[in-house]
Every structure is written in C-alpha cells, then in structure tokens.
Amino acid sequence: MITYEQALRIARAYDPSYDYVIDHEHAYEFCWEAPKHEIGPHPVFVAKESGELLTITDVIGGGFAHGERQGEWAISAGPNPQVSPERGLRDVVYGAAVGDALGVPYEFRGAGSFTCTGMASGGAHNQPTGTFSDDTSMLLATCDSIRETGHIDPDDMRKRFNDWAMHGEYAVKHVVFDIGGTVSRALAEGVGRDDVRSNGNGSLMRIAPLAFTDASDDEVRAVSAITHAHRISTESCVCFVGLLRRLLAGESWKEALERNIPAGDEFAFLHEVASWPQSKVRGTGYVLDTLGASIWCLANTDSYAECVTAAVNFGDDADTTACVAGALAGAVYGYDAIPAEWIDVLRGKDIIDACLFA
C-alpha cells in the first residue's frame, strides 16, 4: 500500500500547488481551491495500491473515487503522522555521505588503477578513514538552511556555504580540504557562474535535500545558480531532484528517469546511458558525466554497496560520483542497506544528524 507521503510526492511532481487531500477507499484525491487554477486538471487522484497518477477518465472508469471518504486534511498538516519525511531524508543524506567518504581516498586516480571495496584512508587529501568532503558539507549546509528557515532561501544557503568555505562549518573537525574552482569563484564574487565552462558537478552534489521540499523547478534552478548558473547545471539539478522524488515514491529507476529528462540535445544521452558499456561511462567532474555515471551505477547494480563502489571505481572525481550515486541508492535501498561497518567509521555523524529536517 502506497503511503500518503509517497502519494503526495507523486502529486507534487505533477503540480506543486495542492491545498488539501481527501482519503478515499482506493485513492488519495489531491485538490486545490479556486481560483488558484482556472484551468487544468482538477482534482488529481493517486491510486493507493500502485501509486499511479490517474486522470479523471481513469477515475470514472475505474471507480477510484467511490467508496467511503476516510478523511480530509490540509496538505501542510499532513494526514499520516507516522510517516516521517526525515526518515527518507536520512536515507538519502547518509547514502550520499557514505559514498562521498568511500571516494575521497581515490579522487584524481584513473579508472582501473585501483579497486574500492570499502572505507580507506589516505589519497590525495591524506584524510582519515570515513571522512566526507565538500560534497557532503555543502549538502548539509543546504539541509541546515531548510531546517532553520523552513523554506528555500538561496541567500541563506550562500551564507552557509561561505561559513563552510571560510570557517569549516559542516566539515569534519572544521577542516576544509577540497573546494571546486567554480564554487570558490562564485562564493567570492557573490554570484553564480553562468559560462559554459562552469558546468562542474558542484551544485548537483548538494541538491538532493530539495527533493524533500515543495521546491519548484525554478527554486531548484535558483539553488543551483548560487554557484552554477549555466543551463546545463541548473537543468541537471532539476532532473536529479525530480528523479529522487520519483524513486522515493516507489517508481522504478527507468520510469523515474524517463519522466525527468530535460529537453535539449545535451541531455538526450540519458535515454540510453543505463545500457552503455562500462568503458563508456566517465567519472569526471563535468556535471553531465556525474549525472550519467550515477544513473548507470544505480541501473546496473543490485545493492547500495555495489552502486557506490561502482561509482568510486570510475575514478577521477570519485567522491562526487559516489556521493550523487549514493543519494540515489539511499533513496532506493534505504539507510539499513548501507553496510554497518561503513556507518561505524563514518566521521561527522553528529554534524549530519544535526542538519536533518523533518
């Protein structure tokens, strides 16, 4: 049986502006008050068993609106208090952080020159075992902003990114050992970089928490644009947030991906990336390489551990590829699927737990 929270994510991926929900016997009915929308679908039904988004024709034909009305609630209040959005966020954030920490010792190394099977120390940054990088620190700053402000506030997020870069906030032991060039310049100048050469993965790696909010596509773009303002980066973030939402709602990766591939020739490869031979996948810091590699890893493995180690083993920007792939794997497999020995040695768990929002 699909949960209310899963149904809400499905409905909001279609239209974020619902005001209240009615719980029917076989489906949730998401509604909005006129005159917010003068045209368009009204209401939207999500089948409880399958999570399928139903049209009005489907509802009439299938009888989903019939049966006893079990309750009606404002969307903001939520009718199902035993379903915790924080639990889903914890799955994704720990999935990302563990992937990041696995990859740190192997950053800048070529694919085929090593094999990651678990946590290690050393590498180019000479960090202790279980240390996450800028990827997770900026993701946590994003989380903490949402937790503190209760909404999407790019100015507040920028301030927190600066607190991390200059003072080590959100970093293990306040040690900042890695910061991308685009991120560094954008924070110093106070405006995101919008040239085509500024399409690294520095916004994609931190965008996952927005999947647990009502953020619109434009809000996702604005959060990316704090540092990465070119269309390739902003649309990659929109794609990733939409993909996460669909995965969290229980959709298959294939269906979730097809629903969220952006328009444009740059993104056409996403229709087929999962079927590429491994040798074609690249673990570079280019945002489209990271997005494609993370999807490939999810599609071609059967567990959290297999997904993130495959990501690390692409080498190059190993920590970020594994961070992004780890967020996807966390959404699919959950916190409990992360090997306990990796969680045990992960540093900074207190920082992570303090930033999660409900």
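Tutor: Two strands count as paired when DSSP finds at least two bridges between them. The model discussed here is predicted.

Student: What makes strand E1 and E2 a pair?

Tutor: Four bridges join strand E1 (residues 20-23) to E2 in the antiparallel sense. The pairing needs at least two bridges, so these strands qualify. One of the links has Asp23 with Tyr28 in E2 as its bridge partner. E1 and E2 also form a hairpin, with three residues between them.

Student: How do you know that E2 and E3 pair, and in which sense do they run?

Tutor: Strand E2 (residues 27-31) and E3 are joined by four bridges and run antiparallel. That meets the requirement of at least two, so they are called paired. Tyr28 stands opposite Val46 in E3, and Phe30 has Val44 in E3 as its bridge partner.

Student: What joins E3 to strand E4?

Tutor: Two bridges link E3 to E4 (residues 53-54), again antiparallel. The cut-off is at least two, so this count passes. Val46 of E3 is opposite Leu53 in E4. E3 and E4 form a hairpin with five residues between them, and Gly51 in that turn has a positive phi of about 75°.

Student: Why is E2 called mostly covered?

Tutor: Five of its five residues are buried. Ala27, Glu29 and Cys31 point one way, and Tyr28 and Phe30 the other way. Strand E3 (residues 44-47) is likewise covered on both faces: Val44 and Val46 on one side, Phe45 and Ala47 on the other, are all buried.

Student: How do you know that the span of helix H8 agrees with its length in residues?

Tutor: H8 (residues 231-248) has 18 residues, and at 1.5 Å a residue the expected span is 26 Å. Its end C-alpha atoms are 26 Å apart, so the two values agree. Of its 18 residues, 17 are buried. Just after H8, Gly250 takes a positive phi of about 100°.

Student: Why is Cys143 said to be in no disulfide?

Tutor: The structure holds zero disulfides. For Cys143, the nearest cysteine sulfur, that of Cys355, is 6.7 Å away. A disulfide needs the sulfur atoms within 2.5 Å, so this pair fails.

Student: Is Cys143 buried or exposed, and what decides it?

Tutor: Its relative accessible area is 0%, and buried means under 20%, so Cys143 is buried. Cys116, at 3%, is buried by that cut-off.

Student: Why is Arg160 called buried?

Tutor: Arg160 has a relative accessible area of 13%, which is under 20%, so the term applies. Arg160 is found in helix H5 (residues 154-167). Its side chain makes a polar contact with the side chain of Tyr170 at 3.0 Å.

Student: Why does Ser279 count as exposed?

Tutor: Its relative accessibility is 71%, and exposed means over 50%, so Ser279 qualifies. Ser279 lies in the loop between helix H9 (253-258) and helix H10 (287-299).

Student: How do you know that Asp317 has no salt bridge?

Tutor: The nearest side chain of opposite charge is Arg282, 12 Å away. A salt bridge must fall within 4 Å, so none is assigned to Asp317. Asp317 is nevertheless buried, in the loop between helix H11 (304-312) and helix H12 (318-333).

Student: What does the side chain of Asp317 contact?

Tutor: The side chain of Asn201, at 2.8 Å. A polar contact has to be within 3.5 Å, so this distance meets the limit.

Definitions and conventions: Residues are numbered from 1 along each chain as its sequence is written. This is a predicted model: local features need pLDDT of at least 70, side-chain atom pairs count only at pLDDT 80 or more; totals for chains, interfaces and linings use all residues. Side-chain values use heavy atoms; hydrogens and water are left out. The expected span of a helix is 1.5 Å times one less than its number of residues. Buried means under 20% relative accessible area, exposed over 50%, partly exposed in between (1.4 Å probe, protein chains only). Lys and Arg count as positive and Asp and Glu as negative; His and the chain ends are not counted. A polar contact is a pair of N or O atoms within 3.5 Å; within protein, one must be able to donate a hydrogen and the other to accept it, and residues adjacent in sequence count only if both atoms are side-chain atoms.
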